[in-house]
Amino acid sequence: MAGLLAMVVVVAIPGVAQAALPSGYTVVTYTTPRDGGSYDRTVTLFDPNDVAPGDGKFQADPYAGTPGDAIRACDWLADGWGMEIRLDTNPGTGWDRTATTRGNNSPYCSGWASGDIAEDTLIWIQVCLVKGATEYCDQIRTARS
């Protein structure tokens, strides 16, 4: 338990109120296998009315013009909340990259935040609803580059 608490403290962003997703929200994840054991992961949030406000995606390998080792956030619902996805390759050291829709009207998808990650590296991602200094985040999930 102490190890989990330490991780929460390290990945929390100072000055930002972070909490679990609001009651009634559900999450659907999609995994797409790629060559060599790598896999993409898409995390889609659904509100209590079963409407998807957005998602976050990790793309392991380049595919159809999309860069590899990349993340992107999409906000589909004009509800005042944005979407954010974070990626980490070394838990406990802070997030390595972030893609966000903050400051943009929906529908909107961020650009791809990419950078080379060694093949077959386990990575951690987290998708959050964001508004100002408030964040509601899904659990941390894995994917593989």
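**Notes on the predicted model**

1. Let's start with a polar contact: the side chains of Glu 84 and Arg 86 meet at 2.8 Å. Bear in mind that this is a predicted model. Glu 84 belongs to strand E6, and its relative accessible area is just 6%, so it counts as buried, the cut-off being under 20%.

2. Who else does Glu 84 touch, leaving aside neighbours within four places in sequence? Its contacts are Ala 73, Thr 98, Ala 99, Thr 100, Arg 102, Gln 126, Val 127, Cys 128, Val 130 and Glu 135.

3. On to the aromatics: searching the whole structure turns up one aromatic pair. The ring centres of Trp 81 and Tyr 136 sit 5.4 Å apart with the planes at 50°, so this pair is tilted. It ties together distant parts of the chain, 55 residues apart: Trp 81 is in the loop between strand E5 (70-75) and strand E6 (82-88), while Tyr 136 is in strand E11 (residues 134-137). As for exposure, Tyr 136 has 26% relative accessibility, so it goes down as partly exposed.

4. There's also a charge over a ring: Arg 34 lies over the face of Tyr 63, 4.6 Å from the ring centre.

5. A word on confidence. The protein has a mean pLDDT of 87, with 88% of its residues at 70 or more. Where does pLDDT stay under 50? That happens over residues 1-17, for which the model has 16 contacts beyond four places in sequence. Coordinates predicted with low pLDDT should not be read in detail, so I'd leave the particulars of those contacts alone.

How values were computed. Residues are numbered from 1 along each chain as its sequence is written. This is a predicted model: local features need pLDDT of at least 70, side-chain atom pairs count only at pLDDT 80 or more; totals for chains, interfaces and linings use all residues. Side-chain values use heavy atoms; hydrogens and water are left out. pLDDT is the predictor's confidence in each residue, from 0 to 100. Contact means heavy atoms within 4.5 Å. Rings of Phe, Tyr and Trp (its six-membered ring) pair if their centres lie within 6.5 Å; planes under 30 degrees apart count as stacked, over 60 as edge-to-face and the rest as tilted. Helices (H or I, at least four residues) and strands (E, at least two) are DSSP runs, numbered from the N terminus. Buried means under 20% relative accessible area, exposed over 50%, partly exposed in between (1.4 Å probe, protein chains only). A charge sits over a ring if NZ of Lys or CZ of Arg is within 6 Å of the ring centre and within 35 degrees of the ring normal. A polar contact is a pair of N or O atoms within 3.5 Å; within protein, one must be able to donate a hydrogen and the other to accept it, and residues adjacent in sequence count only if both atoms are side-chain atoms.
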